[in-house]
Amino acid sequence: MSLSLDSIRHSHPHLYRSFSSLPEGELHLQHIGELDRYWERVSSPPEEVILPADRLAGDAVISGEYDIIYAGGTLSMLHAAVMASTYGRKVMIFDRRTPAKSTRDWNISREELLKLSAAGLFSESEVDSFIVKKYKTGWVGFHRQDGSGKKLFMENVLDCAVDTDRLLGLAQEKVLAVPGNKVLDRTTFSCCYRFEDHIVVRVVDLEGRQFYYKAKVLADVMGILSPIAMQLNRGRAQTHVCPTVGTIASGFESADPEVGEILVSTGPAEREAGGARQLIWEGFPGAGEKYITYLFFYDEVESPNDKSLVTLFESYFQRLHEYKRPGPDFVIHRPVYGIIPAYCHDGFNRSREIADDRIILLGDAASLASPLTFCGFGSMVRNLHHLTADLDRALSLGTLGKRDLDRISAYEPNVASMAYLMKFMCYNPATDEPDFVNELMNEVMIVLDELPEHYRQAMFRDEMKIEELMLVMSRLAMRYPKVLIATWEKLGLPGSLGFLKNLAGWAFLQPR
Ligand SMILES: Cc1cc2nc3c(=O)[nH]c(=O)nc-3n(C[C@H](O)[C@H](O)[C@H](O)COP(=O)(O)OP(=O)(O)OC[C@H]3O[C@@H](n4cnc5c(N)ncnc54)[C@H](O)[C@@H]3O)c2cc1C
């Protein structure tokens, strides 16, 4: 059933009021409903969308032939632009909505963004053209009843607000600048047929018409809803999630345009009907007078909590004033939302499926980023250079089987271990006091505050080395021995062993 403003008028009154004032409120609500279908999907058997060649209808007409077809038009734009402009590959990108448009905005440091220049994608001046704001300093702080919570300040972490649509638009221009490439909107992935030496992708347009395209390889970049990821991972494409909602707005009375608020909690975990969760806010200065606020929580996919974006949005509008006070000129420019995926690998190395013969998963479809600090955009920026160079080599050599494509991955052992730590941020009413997450994070902030600034920057930029994490963890255990009991209670024997395996993998498999 598709969501409409009318249908939520009584059930979600705060969301209803706020979205009614937006020019595209109804459209956003529909999109949110579409993303919330993830919850039905994870509780049903996965669809079979990777099919053998003999299932392709004999009368299927091939409408175009490419080196790479990208299903999904967000982060794929970055990869496709490099494959087209640097490696001269013929590419096609399709998206069921509008390609190169996102429902999020991204924060990152300029130093990291310059990796996009190193990968040959953008010039330095192009990079500067989509940074719409650079704030001076940022901090992380968790609630303490008596107000004594530690505010940990750091510089050059997530301090650049990026105009996502401009960045993606520039990448799209580079794709289309090469004759023969194609970008299709309102085109939905339906299934694919695997042949020995190629793959055929079936798509459906808005009128329900089917088209077939042929490629050497299919890149699945369909995000958290990817049916390919669901099939390859037998319906368990994520172990954890971070439902996130927010707005780009202006007119707050209490927002500092020079300071970013990277992680902030304003109270203990909630234990209400339908929700046992530790809510966390983020606030980032945006372009001009704009200010971006997010509300999110970490959770297991399998928890009984209501993790829908529609419910979280209702909480966001209901509680926004507890975080930032909207003034008389408060205006919402647009909502931002999504389900950030996470996967805890049970092993020394990556344990999630991210490839099959002639199919490679990228971005959130691969779910290899850590939602604890950075997410999928940061991961793509860090890994773009080898993700493109390696795929080009595989295309040249014709090594496009599962085992070959498995090696072209954004898996980073340090990020995997950091993602594991997210389990501590998932509030569990059976094992945790309502202030558990706040107490623990306050202690982590105190430990980081006592170490040189490099430690906090490395932690919040997914760049930690194993010896650095070990030092932080040992200091934490000495300051706050309760963390050892909490580890046992929250992770149990299998979870604790899983984390140790991740750390061992990190120690012996150096990040590239
Ligand atoms: C509110 C929010 C803020 C964020 N901020 C940051 C940040 O500051 N830094 C950072 O590093 N990361 C951030 N992230 C994470 C980042 O946005 C994601 O990692 C990134 O968008 C993933 O891109 P993707 O292309 O893999 O997937 P998506 O962005 O989900 O895009 C998938 C695309 O596939 C299309 N699609 C889906 N199914 C089909 C289908 N069947 N057929 C055709 N097309 C389909 C969709 O329409 C969509 O356009 C944020 C996420 C959220 C939700």
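His28 sits in helix α3 of what is a predicted model. It has 20 C-beta neighbours inside 10 Å, so His28 counts as buried, given that 20 or more are needed for that label. Setting aside residues within four places in sequence, the contacts of His28 are Phe19, Leu22 and Pro335. Ser2 is 26 residues away from His28 along the chain, and the C-alpha atoms of the two are separated by 12 Å.

Helix α3, which covers residues 25-36, also meets helix α11, residues 309-323. The two axes come within 9 Å and cross at roughly 130°. That crossing angle is why α3 is described as oblique to α11. On the α3 side, the contact is made by Ile32, Leu35 and Asp36; α11 brings in Leu309, Val310 and Phe313. Sorted by character, the residues of this contact come out as five nonpolar and one charged, with no polar ones.

Then there is the ligand. It is surrounded by 36 residues, and the closest of them are Gly72, Gly223, Gly338, Gly363 and Gly376. Several elements give two or more residues to this shell: the strands β4 (106-108), β10 (187-194), β13 (240-252) and β20 (326-342), plus helix α12 (376-397). Of these, β20 gives the most, with four residues. As for the make-up of the shell around the ligand, 17 residues are nonpolar, 14 are polar and five are charged.

Technical notes: Residues numbered from 1 in each chain as written. Predicted model: local features only at pLDDT ≥ 70, side-chain atom pairs only at ≥ 80, totals over all residues. Axes fitted to C-alpha atoms, helices over the stretch in contact; angles between N-to-C directions. Parallel < 35°, antiparallel > 145°, perpendicular 65-115°, else oblique. Contact = placed C-beta atoms within 7 Å. Nonpolar A, V, L, I, M, F, W, Y, C, P; charged D, E, K, R; others polar. Buried ≥ 20, exposed ≤ 12 C-beta atoms within 10 Å, placed from the backbone. Near = placed C-beta within 6 Å.
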